[in-house]
Each structure stands twice: as structure tokens, then as C-alpha cells.
Amino acid sequence: MTSTESNSLPLWVLHRDQVLEQSTNIEWRYGKFPDYTRSNENLAKESTHHHPQGSLEAIVQNLVRTFDVEANFKTNPQQWISVVNDQFRMSTNGGPSYTVSDVVESGTYKLLIGNTQHYKAAEENFETSTNLFHTAFPEGFLWEVLEVFSAPPTVAFKWRHWGHFKGAYKDYAPTGETIEVIGMSIARLSDDLKILSLEHYYDNTKFLEKLTASGKPETGDRDRVDCATPQHKPANFWSFLQKLWYGQEKAKTEPRKPSACPFSALIR
């Protein structure tokens, strides 16, 4: 790939630390500036590709990471710089198209995963989804570009998303396994390299199957749906469900209600 001098590139395709350094008067989610120190350290150690500065791969990677910062932490769509706000649309596996406002309201996890056996988007919101995956991957759920197949304005690229399963996913015990998701995306860009649309394609069930492969741990908190109030379910009902979970190959999990717990430690 031909490299381009970084000083001639727009801010949103530079390293996200440079983007954050120049972000002023932003309406941040949780009321504070996001800290990517640990994420940067882990990316340096665990990324399989280290793209040259100014290469097309680095530009695409930086742009998507800027989008991710904005999707997770900027609550005012008018303050986003990575997209053409009034035109932006995002879809997954040919599904519904979502706007910037949809992303702000629901978050990327909910919109990218959808309704599956082990994750029900319809039952989650921004906070519950974020908490689920921050808990499951306490060291971060990292992302990198593996390969870029075409140059702007229509950029097709292959990516890798991974994390170490060291915290519980819902009531499923962590295995310590490194869980990896490989996918492809098509980004349509404006002349100044802002995102007009993002189409993601990946298997949204495989990594959830790995998160639930260990089975339900024995815990006294299983009956709770929020921080203070236990469900009033008879004990023998839960015993019956346990037999179903462990005794059948194709067991179905009971729909889980969103947690009412406050999420005061989401930024890691």
C-alpha cells in the first residue's frame, strides 16, 4: 500500500489518542473523558498486525477506532467527526440500517449482535449490554484491521475482535480462553474520508457459544435480576431448569431481564 503523510490527513483518521487530545467541550457519556491507556498497552502486545503509519490499513483502522470512541462515549451526535451525520447508516449481516442516533441510544453491541440464543438485543439497553461484555472481558475487547481489499470511496476490509474471557458472562463461568471474532466490513466514505455507511458481516453466534460453553456455575445469586430484589421463584423451579440446562444438548436459556444495577466502573 502507498503511504500518505499523516500531517496531510484529517483528524478522524489519525490515532484515537490524537483525536481525544483535540476533543474539547464534548458531552461525554458518564460525564468523563475516556481512558484508553490499558487498551493501547494490550493492543501493542496482542495485535497480530502493526500497520505502518499513513498506510491504507492504518487509516481504516484509525477511522473505525475513532467511530468506536464516538459510538461508546459521545452522546451528542452533532459532535461526531468520523461520520457524515445526516447520511450515516450501519447494518449487520444484511439486517436493518441504523442511524447515529440509534447507535447513541442502543450502543454497538446491541445493534451488531441482535437477537440470538445467548443474547437477546430486545431485552438489553446500552448500559446492560456494555456491562455484560465489560464484565466478561475485564482486560478489554480489542479490535484490529487484518487486511484491506479496496481503497476509498468503498473500502472492504477484514478485521479481528478478541478478548480474554476472565469474567462471568451473565451467569456463565469464565474459562480464561481468548475468544476471537473474525469478520469483514464494507465502509463507504466521503471525499474527506468520513463514513457514509458501514456494513458488517460476521458469525454473531460463535463467540456467544464460547461465552456460554462452561455451563451455569453454582451461585446463590442466580435468582437475582437486579441489585436488591430477588425473583420470587420456587426453588424447585430452578432445580428443574438446572436439569434442562445440564441434561440436554440443545437446552434453551431463560430470557434474562436487564440488570438494574448502577454501572459506575464501565470505563477501564
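## A buried lysine, a five-stranded sheet and a pocket

K74 is found in the loop between α3 and β1. The model described here is a predicted one. Is K74 buried or exposed? Its relative accessibility is 3%, and because residues under 20% count as buried, K74 is classed as buried. Beyond its neighbours within four places in sequence, K74 is in contact with S23, I26, E27, W28, V69, Q79, W80 and V104. K74 and G31 are 43 residues apart in sequence, and their C-alpha atoms are 9.9 Å apart in space.

The sheet comes next. Its 5 strands are arranged in the order β1-β5-β4-β3-β2, the sheet is open, and the pairing is mixed. β1 (89-92) and β2 (141-148) are at the edges with a single partner strand each, so one side of each has no neighbour in the sheet. On average, neighbouring strands of this sheet are turned by 25 degrees against each other, direction ignored. In general, strands of a sheet pair through backbone hydrogen bonds, in either a parallel or an antiparallel sense.

Two of the pairings are set out below.

| Strand pair | Sense | Bridges | A pair of opposite residues |
|---|---|---|---|
| β3 and β4 | antiparallel | 11 bridges | H161 and V181 |
| β2 and β3 | antiparallel | 7 bridges | F141 and G163 |

β3 covers residues 154-164 and β4 covers residues 178-189. A hairpin of 5 residues joins β2 to β3. How many of the 8 residues of β2 are buried? The number is 7, so β2 is largely enclosed by the rest of the structure.

Helix α3 (residues 56-73) packs on the sheet and touches β1, β2, β3, β4 and β5 (195-201). The direction of α3 makes about 145 degrees with that of β2.

Helix α3 also takes part in a pocket. The second largest pocket holds about 390 Å³ of space. Its lining consists of 21 residues, and those nearest its centre are H15, H51, Q61, N62 and R65. Two elements, α2 (37-46) and α3, give two or more residues to this lining. Which element gives the largest share of the lining? It is α3, with 5 residues. Sorted by class, the lining of the second largest pocket has 13 polar, 7 nonpolar and 1 charged residues.

Helix α3 thus appears in two settings: it packs on the sheet, and it contributes to the lining of the second largest pocket.

Notes:
Residues are numbered from 1 along each chain as its sequence is written. This is a predicted model: local features need pLDDT of at least 70, side-chain atom pairs count only at pLDDT 80 or more; totals for chains, interfaces and linings use all residues. Side-chain values use heavy atoms; hydrogens and water are left out. Two strands pair if DSSP finds at least two bridges between them. Helices (H or I, at least four residues) and strands (E, at least two) are DSSP runs, numbered from the N terminus. Axes are lines fitted to C-alpha atoms, for helices over the stretch in contact, and angles run from 0 to 180 degrees between N-to-C directions. Contact means heavy atoms within 4.5 Å. On a 1 Å grid over the protein atoms alone, a cavity is a set of points where a 1.4 Å probe fits but cannot get out, and a pocket is an open set with protein on both sides within 12 Å along at least five of seven lines; lining residues have an atom within 4 Å of a point. Grid points are joined across faces, edges and corners, and a volume is the space filled by probe spheres set on the points. Ala, Val, Leu, Ile, Met, Phe, Trp, Tyr, Cys and Pro count as nonpolar, Asp, Glu, Lys and Arg as charged, and the others, Gly among them, as polar. Buried means under 20% relative accessible area, exposed over 50%, partly exposed in between (1.4 Å probe, protein chains only).
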